[in-house]
Amino acid sequence: MAEQEFTPVDFWFDPICPWAWIASRWILEVAKARPVRPRWHVMSLSVLNEDKPDLPEVYRDLLAAGWGPVRVCIAAEQEFGPQVLGPLYTALGTRFHHEKAPRERATYEAALAEAGLPARLAGAADATEYDEALRASHKEGIERVGYDVGTPVISVNGLSIFGPVVSPIPRGEAAGRLGDGVLLIAGTDGFFELKRSRTRDPIFD
């Protein structure tokens, strides 16, 4: 029997974004139901919004704290390869979005330990030496869809979209059907947007 071929789905995430977290759990569900394989990449809401002058103060505080997690992810990727990003993202996202853990060194160290990575990488949170690589990874993702959107960015077969923005997390065959639709949209030349106003908060269960 021929080995099954998997379609790679490139997924750009910022660990602090609740909508990206839901979408990331959805794509993992899709991978159980369809022959797709996620490949994880880092992008940054802090980078995306750093030159925007009129942001609410509470959002500015969130973005200021957002540098640490993405730097830790980039440091881990640089030292151990992109395959560590999936487990590290899961460990960070679980703590941020389910456990409401603070964005601080102790949280990073716990997530790194869960992902089988050395705790010393938590020091990258305050190290600007990783910002060039962070900006390059962010740019690779955001330029596929334009600067008027955010995270997540998904790229399939060279075609890219922002989203999906969905709540709660689709599971099982429902996740697979949504994946089918996203693949169809991504493969449609000239398709740009479907949107409606959000009427519920992120639901992580």
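For the linings described here, Ala, Val, Leu, Ile, Met, Phe, Trp, Tyr, Cys and Pro count as nonpolar, Asp, Glu, Lys and Arg as charged, and the others, Gly among them, as polar. With that grouping in hand, the spaces inside this predicted model can be described in turn.

A search of the whole structure finds 1 cavity of 30 Å³ or more. The largest cavity holds about 60 Å³ of space. Its walls are formed by Val9, Trp26, Ile27, Val30, Val36, Ile154, Val156, Gly179, Val182 and Leu183. Helix 1 (18-33), strand 3 (153-156) and helix 7 are the elements that each give two or more residues to this lining. Sorted by class, the lining of the largest cavity comprises 9 nonpolar residues and 1 polar residue, with no charged residues.

The largest pocket encloses about 1,600 Å³ of space. Its lining is made up of 44 residues, and those lying nearest the centre are Phe162, Gly163, Val165, Leu194 and Lys195. Two or more lining residues come from each of helix 1, helix 2 (45-48), helix 3 (57-80), strand 4 and helix 7. Of these elements, helix 7 gives the most to the pocket lining, with 5 residues. By class, the 24 nonpolar residues in the lining of the largest pocket are joined by 11 polar and 9 charged ones.

Attention now turns to two individual loop positions. Ser167 sits in the loop that runs between strand 4 (159-162) and helix 7 (172-186). Because its relative accessibility is 10%, Ser167 counts as buried, the cut-off for that label being under 20%. The side chain of Ser167 also reaches the backbone nitrogen of Ile203, at 2.8 Å. Ile203 appears again among the residues in contact with Ser167 once neighbours within four places in sequence are left aside; the others are Trp19, Ile22, Arg200, Asp201 and Pro202.

The second position, Gly146, is found in the loop between helix 6 (131-142) and strand 3. With a relative accessible area of 22%, Gly146 is partly exposed, a label that covers values between the 20% limit for buried and the 50% limit for exposed. From C-alpha to C-alpha, Gly146 and Gln78 are 26 Å apart in space, and 68 residues separate them in sequence. Put side by side, the two loop residues fall into separate accessibility classes: Ser167 is buried, whereas Gly146 is partly exposed.

Key: Residues numbered from 1 in each chain as written. Predicted model: local features only at pLDDT ≥ 70, side-chain atom pairs only at ≥ 80, totals over all residues. Heavy atoms only, no water. Helix = DSSP H or I, 4+ residues; strand = E, 2+ residues; numbered from the N terminus. Buried < 20%, exposed > 50% of the residue type's maximum accessible area, 1.4 Å probe, protein only. Polar contact = N/O pair within 3.5 Å; in protein donor to acceptor, adjacent residues only side chain to side chain. Contact = heavy atoms within 4.5 Å. 1 Å grid on protein atoms, 1.4 Å probe; cavity = no way out; pocket = protein on both sides within 12 Å on 5 of 7 lines; lining within 4 Å. Points joined across faces, edges and corners; volume = space filled by probe spheres on them.
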